[in-house]
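Please open the model in your viewer and keep the selection tool at hand. The stops below go from one side-chain pair to the next, and then on to helix packing and the surface.

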Amino acid sequence: ATMLAMTAAFDVDAPLRITLFAAGAAFEGALLAPDPQPKDRLRTLGLAAVVSAAAVVATVQLTLIAVWIAAILLVLLMFSSYALRAWSPRIANLALMGAITVYVTGGGHITVGRIGWFVLAAAIGFGWLAAWEGLILPDDPLRSLQRSVQACSRRTADTVAGIVGVLN
């Protein structure tokens, strides 16, 4: 909604593509920033915004030289995301976010004059996800896991007590 309002305010051509790019960035971040600690997750989302912006700029610039060079960047990022997983899951996920951004940017035929809008869309997409997860509806996966285990334990104990009551 933020990108749609901004592109409408500045009368940008094809605002839907830019808006969907922002939504895609938020979705990508939600899937590929699985840090268990909220502060680490927010850090990863900040780095993701930088990686995504760099991927947009690099892809558009490389495509001006030759499309196959941008394709090489895509393949390198894809394989890096697997190769780096053992070393650092965060860096591997950032490489995967970069690969996805290169793919979408290349397929979207983004022009040099519109780079800024897509960089802004990525920043806003990741920014809204960080605001949502950090302020609006904070997520603490470890706390959620503990609550789930406690609830399961209580229900199991209640079930066992019910069975014992019936058998007695």
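Begin by selecting E133 and R41, both of which are buried, a word used here for a relative accessible area under 20%, with exposed meaning over 50% and partly exposed the range in between (1.4 Å probe, protein chains only). This is a predicted model, in which local features need pLDDT of at least 70 and side-chain atom pairs count only at pLDDT 80 or more, while totals for chains, interfaces and linings use all residues. Residues are numbered from 1 along each chain as its sequence is written, and side-chain values use heavy atoms, with hydrogens and water left out.

With E133 and R41 still selected, show their side chains, which meet in a salt bridge at 2.3 Å, N to O; the term requires a side-chain nitrogen of Lys or Arg within 4 Å of a carboxyl oxygen of Asp or Glu. The pair links distant parts of the chain, since E133 belongs to helix α6 and R41 to helix α3, 92 residues apart. Helices here are DSSP runs (H or I, at least four residues), numbered from the N terminus.

By the salt-bridge rule the count comes to 3. Next select D40 and R43, whose side chains meet in another salt bridge at 3.0 Å, N to O. Because D40 and R43 are 3 residues apart in helix α3, about one helical turn separates them. R43 is partly exposed, at a relative accessible area of 44%.

Then move to D35 and R90, where the side chains form a salt bridge at 3.9 Å, N to O. This pair also connects distant parts of the chain, with D35 in the loop between α2 (15–32) and α3 (38–65) and R90 in helix α5 (residues 89–107), 55 residues apart. D35 is buried, with a relative accessible area of 15%, whereas R90, at 22%, counts as partly exposed.

Now display helix α1 (residues 2–9) together with α6: the two pack at an angle of about 150°, with their axes 10 Å apart. That angle makes α1 roughly antiparallel to α6, a label given to angles over 145 degrees.

Finish at the surface by selecting W128, W132, L135, I136 and L137, which form a nonpolar patch with about 600 Å² of accessible area together. Patch members have over 30% relative accessible area and no salt bridge, and nonpolar side chains are joined within 5 Å. Among them, I136 lies in helix α6 (residues 115–136) and is partly exposed, with a relative accessible area of 46%.

How values were computed: Patch = residues over 30% accessible without salt bridge, like charges linked within 9 Å, V, L, I, M, F, W, Y side chains within 5 Å. Areas by Shrake-Rupley, 256 points an atom, 1.4 Å probe, with all protein chains shown as cover. Axes fitted to C-alpha atoms, helices over the stretch in contact; angles between N-to-C directions. Parallel < 35°, antiparallel > 145°, perpendicular 65-115°, else oblique.
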